Amino acid sequence: MKVLITGGAGFIGSTIASACLDDGITPVILDNLVTGRREFTTDRAFYQGDVADGDLIDRIFDEHPDITAVIHCASLIVVPESMADPLRYYSENVAKGIAFFRHLHRNQCTRLLFSSSAAIFEADGTNLTVDETSPLAPGSPYAKTKSMLETIVDDIATAGQLRVLSLRYFNPIAADLKLRTGLQIFRPTHALGGIIEAHHSGEAFKITGTDFPTADGTGIRDYVHVWDIAQAHVAALKRFDEVLASEGADSTVIILGSGHGTTVRELVSVFEKVTGTSLRTIEVPRRPGDPAGAYSNSTKAKRLLDWTPKLSLEEAVRDSLSWHSKRNDILGTSAQP
């Protein structure tokens, strides 16, 4: 099997590519390297460019006519950034996504695995557990772009132009287990990345928001090891036709969740346990677009993909620290601000 992975030089896409390789699936990488890293494409078929570039998409399919499916990971993903510059997010994620789907249809590629996000769920704190039937209320332009694209690909599937599995997942953390790839952002905006940076710099970690309707007032998240997320994508590729046949549809949604939520304060405690150190923290107001959060189990994923997360939060924290210690050896320091 050969698969095209857009955004395959980024954190999640590159990890999915590694999991594909380990399972005998050949990845072809398309990435514009705006946030992705060329280092993550070593020994992999790689095309630098944009998903909206029709000539490039045509060339990829001409040179790899045995591509049988596409995993669409390419997108901008930073919530506060999307609040400050929504036009960029709608242009990059939605408009270019539509162009890309048109190019797939023209090249008669009908299997699309869409990397969506659990950020599209209603997350006002009234219901911290969600499933595939839970109400949607995306709270940021980033989340809205994911919700819009789900609607778009579902409509395209209804028209018989694509067949789609949309995987909604929560907060991927850690790294490829063999440390081939990992989080490439040197100043990450998510909680664990900030904790690690504070740990190494000696600065206080900022807890953004303490007035959420959660047990301790801090935001709650469903952290899933990125390698588990990658394994789910591999399972979805291998069971693609079987899943849609069992659902009796050309499009369906599957949640990838750990089954429990972790607040920011709880995450700090896990980090301190793993490292055997204390972390200095300070409390600051919420960032624009920050939700209370939610979590889910993977009941449907277990039924359709035979998938459940296997790696614990403690293992994810350890792997994140291992990647951080090796990151500069792979990426250098030139990209740091």
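How many bridges join strand E1 to strand E2, and do the two strands run parallel or antiparallel? There are 5 bridges between E1, residues 2–6, and E2, residues 26–31, and the strands run parallel. To pick out one position, Val3 has Pro27 in E2 as its bridge partner. Before going on, I should say that this is a predicted model.

Those two strands belong to an open sheet of 7 strands. Reading across, the order is E3-E2-E1-E4-E5-E6-E11, and the pairing is parallel. Which strands stand at the edges? They are E3, residues 45–48, and E11, residues 251–256. Each has a single partner strand, so one side of each has no neighbour in the sheet. From one strand to the next, the twist averages 20°.

Now the helices on the sheet. Helix H2, residues 54–63, packs there and touches E1, E2, E3 and E4, the last being residues 67–72. The direction of H2 makes about 165° with that of E3. Helix H7, residues 226–238, lies across E1, E4, E5, E6 and E11. H7 runs at about 165° to E6.

Let me stay with E6 for a moment. In this strand, 6 of the 7 residues are buried, so E6 is largely enclosed by the rest of the structure. On one pairing, E5 and E6 are joined in the parallel sense over 5 bridges, with Arg111 partnered by Arg163 in E6. E6 also pairs with E11, again in the parallel sense, over 6 bridges. There, Ser166 stands opposite Val253 in E11.

Next, the nonpolar cores. The largest one has 43 residues, and Ile5 and Leu256 touch the most other members. Helix H7 gives the most to this core, with 9 residues. What does Leu256 contact, leaving aside its neighbours within four places in sequence? The list includes Leu167, Tyr169 and Phe170, then Val224, Ile229 and Ala232, and also Ala301 and Trp307. A second, separate core has 23 residues, among them Tyr47, Phe61, Phe101 and Leu149.

The next element is helix H6, residues 191–201. Why is H6 described as largely enclosed by the rest of the structure? Because 8 of its 11 residues are buried. The buried ones are Ala191, Leu192, Gly193, Gly194, Ile195, Ile196, Glu197 and Ala198. What do they pack against? The partners are strands E7, E8 and E10, and helices H9 and H11. Just after H6 comes Gly202, which takes a positive phi of about 85°.

That leaves H9, residues 264–275, and H11, residues 313–331. In general, two packed helices are described by the angle between their axes and the distance between the axes. Here, the axes of H9 and H11 come within 10 Å and cross at roughly 65°. That makes H9 roughly perpendicular to H11. The crossing is right-handed. On the H9 side, the residues that meet H11 are Leu267, Val270, Phe271, Val274 and Thr275. On the H11 side they are Leu313, Glu314, Val317, Arg318 and Leu321. As background for those numbers, an α-helix has 3.6 residues a turn, so residues three or four places apart point the same way.

To go back to the start, E1 and E2 are one parallel pair in the open sheet of 7 strands. That is all I have.

Technical notes:
Residues numbered from 1 in each chain as written. Predicted model: local features only at pLDDT ≥ 70, side-chain atom pairs only at ≥ 80, totals over all residues. Heavy atoms only, no water. Pairing = 2+ DSSP bridges. Helix = DSSP H or I, 4+ residues; strand = E, 2+ residues; numbered from the N terminus. Axes fitted to C-alpha atoms, helices over the stretch in contact; angles between N-to-C directions. Contact = heavy atoms within 4.5 Å. Core = buried A, V, L, I, M, F, W, Y, C linked by side-chain atoms within 4.5 Å. Buried < 20%, exposed > 50% of the residue type's maximum accessible area, 1.4 Å probe, protein only. Parallel < 35°, antiparallel > 145°, perpendicular 65-115°, else oblique. Left-handed = near helix turned anticlockwise from the far one by under 90°.
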